[in-house]
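Visitor: I would like a close look at a single part of this protein, taken slowly and with its surroundings. Please show me the sequence and the structure before we begin.

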Amino acid sequence: MYASIGGSRRPSAPRTSRLTVRLAVLASTVALIAAGLAVAATPSSAATCNGYVGLTFDDGPTGSTSALLSVLRANGVRATMFNVGQNVQGNQSAARAQVDAGMWVANHSWNHAHMTSMSQSQMQSDLAQTNSAIQSATGVRPQLFRPPYGETNSTLQSVASSLGLRQVIWDVDSQDWNGASVSQIVSNASRLQAGQVILMHDGIQNTRDAIPQIMANLSSRNLCPGMISPSTGRAVAPDGTPPPTTPPPTGTPTTPPPTGGCTATATTPNVWGDRYNTSVTVQGASNWTVVVAVTAPQRIVTTWNGSPSWDSTGYVMTMRSNGSGNTFGFTTMMNGNSGARAQIRSCTTG
C-alpha cells in the first residue's frame, strides 16, 4: 500500500515486526534520582514542562503493540494511538491495553483505505464503524481522526466533524515507515516544537528503540509529551490546560498507624501534568511488606527499590523489601484523575 503526500507516494508502515529482546537495553537509559535511587522515570520528569508535543503512533494495534507499550511505560510516555478499526476488532485486548497504559486512542479509518476516493456515505460508514469498534473494545469514544496517508478533502473533514472527530495530520514525519534508522528517527523528532505533532508507527523496532533518545532530547528542551486537543488539534498538557506557570504541589505525607511492627510514610516529591512520583519510607523493620492503593483509572507504571505485585484489579500494589533499603518509590499515571494520590493501606513485617 502506498501513501500520497504532496504529490509523492510512500509505502504504508509495516503492520508487524518481530519482537526482540531490547527492553533491558532501553531500561538502562532511565534517569536516576538523587541519593543513588534508580528511578524508572522519564528523562522529561527532571524538567519543567514549558511546552507539550504530541507523540502519535499509527496503524495499531499490531502484534508488537505490547512491546511498544512496554517501552512507552518504561519512559513515562503517554501517546496518541491512531488505530485501524479492523485491527481493533481483531485484537480488542491490545486496544484495551493501550488505554490501561494511559494512552489516548483515536480513529485511523477502518482498513487504511484511500478515503478521498470514497463517496460521502462510504466515508461516514467507515469512520462510524471504526468509532464503534474502538469504543466497544476500550470504553473510550474517539475524538480525533487521522486520515490514512494524510489524504483528505473538505468532504472527509465534514464527515469527521459530523461524528465529533477532529482531524489531525502531523507537523513532523519521523520517516519510520520509510526505513529510517534509529538515529534518523531521533534526528527528525528533534525538530518538534511546542504544540506540534509527530507521525510514528506501531510495529516498528527502530521506532521503539528511538523513544528513550527522543525523550532525552525533549527533556533537554523542557518539552513533555502531551495530549492532542480535540478543539485545536495541537499538543497541550494532558489535562487540557496550558503548561503550569508555578511549580506543582508536592503533596503531603500519608502515615497510617503502625501495623505488625512497622510504619510506612508516603510523600509525592514530584507531580507533573500526567503523572506523579511517590516515595515511601519504612520505619521499624528491615524486612517489610507495604500495601499501596491508587484510585481508578490511575495506574502504577514503574517502581524502584522493592519487589511489587498487584491484585486482580491492578489498583492495589503489594511491595516487599528486596534488600535495597527502607525507601521505595513508584510512578503513577493519572489517566485523567489528577486529584487523587496513592494511599498506604498497611505495613507489616516479613
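Visitor: Is Cys262 buried or exposed, and what is its relative accessible area?

Guide: In this predicted model, Cys262 has a relative accessible area of 1%, and because buried means under 20%, Cys262 counts as buried. Its sulfur is joined in a disulfide to that of Cys347, with an S to S distance of 2.1 Å, and the torsion of -125° about the S-S bond makes this link left-handed. Cys262 sits in the loop between strand E12 (235–236) and strand E13 (263–271), whereas Cys347 belongs to strand E20, so the bond ties together parts of the chain that lie 85 residues apart in sequence. The partner is buried as well, Cys347 having a relative accessible area of 2%.

Following the bond to Cys347 leads into a sheet, for strand E20 (343–349) is one of the two edge strands, the other being strand E17 (307–310), and each of these pairs on one side only. The sheet itself is open and has 4 strands in the order E17-E18-E15-E20, with antiparallel pairing, and its neighbouring strands are turned against each other by 20° on average, direction ignored. Between the edges, strand E15 (residues 288–293) and strand E18 (residues 316–320) run antiparallel and are joined by 5 bridges, with Ala293 of the sheet standing opposite Val316 in E18.

Two backbone features belong to the loops around these strands, and a general remark helps in reading them: most residues other than glycine have a negative phi, and most peptide bonds are trans. Against that background, the peptide bond from Ala296 to Pro297 is cis, with omega near 5°, and Pro297 lies in the loop between E15 and strand E16 (299–304). Further along, in the loop between E16 and E17, Asn305 has a positive phi of about 60° although it is not a glycine, and at 15% relative accessibility Asn305 counts as buried.

The bond of Cys262 and Cys347 can be set beside its counterpart, since the structure holds 2 disulfides. In the other, Cys49 and Cys224 have their sulfur atoms 2.1 Å apart, and the torsion about their S-S bond is about -90°, so this disulfide is left-handed. It links distant parts of the chain, with Cys49 in the loop between helix H1 (23–27) and strand E3 (51–60) and Cys224 in strand E10 (residues 223–225), 175 residues apart. Both ends of this pair are buried, Cys49 at 6% relative accessibility and Cys224 with a relative accessible area of 1%. When the bonded cysteines of the protein are numbered in sequence order, the pairing reads 1-2, 3-4.

From strand E3 the path continues to a further cis peptide bond, the one from Gly60 to Pro61, with omega near -10°, and Pro61 has its place in the loop between E3 and H2. The axis of helix H2 (residues 65–74) comes within 10 Å of that of helix H4 (residues 92–100), and the two cross at roughly 5°, which means that H2 is roughly parallel to H4. Thr65, Leu69 and Arg73 make the contact from H2, and Ala94, Ala97, Gln98 and Asp100 make it from H4; by class, this contact has 3 nonpolar, 2 polar and 2 charged residues.

Technical notes: Residues are numbered from 1 along each chain as its sequence is written. This is a predicted model: local features need pLDDT of at least 70, side-chain atom pairs count only at pLDDT 80 or more; totals for chains, interfaces and linings use all residues. Side-chain values use heavy atoms; hydrogens and water are left out. Two strands pair if DSSP finds at least two bridges between them. Axes are lines fitted to C-alpha atoms, for helices over the stretch in contact, and angles run from 0 to 180 degrees between N-to-C directions. Angles under 35 degrees count as roughly parallel, over 145 as roughly antiparallel, 65 to 115 as roughly perpendicular and the rest as oblique. Contact means heavy atoms within 4.5 Å. Ala, Val, Leu, Ile, Met, Phe, Trp, Tyr, Cys and Pro count as nonpolar, Asp, Glu, Lys and Arg as charged, and the others, Gly among them, as polar. A disulfide is a pair of cysteine sulfur atoms within 2.5 Å. Buried means under 20% relative accessible area, exposed over 50%, partly exposed in between (1.4 Å probe, protein chains only).
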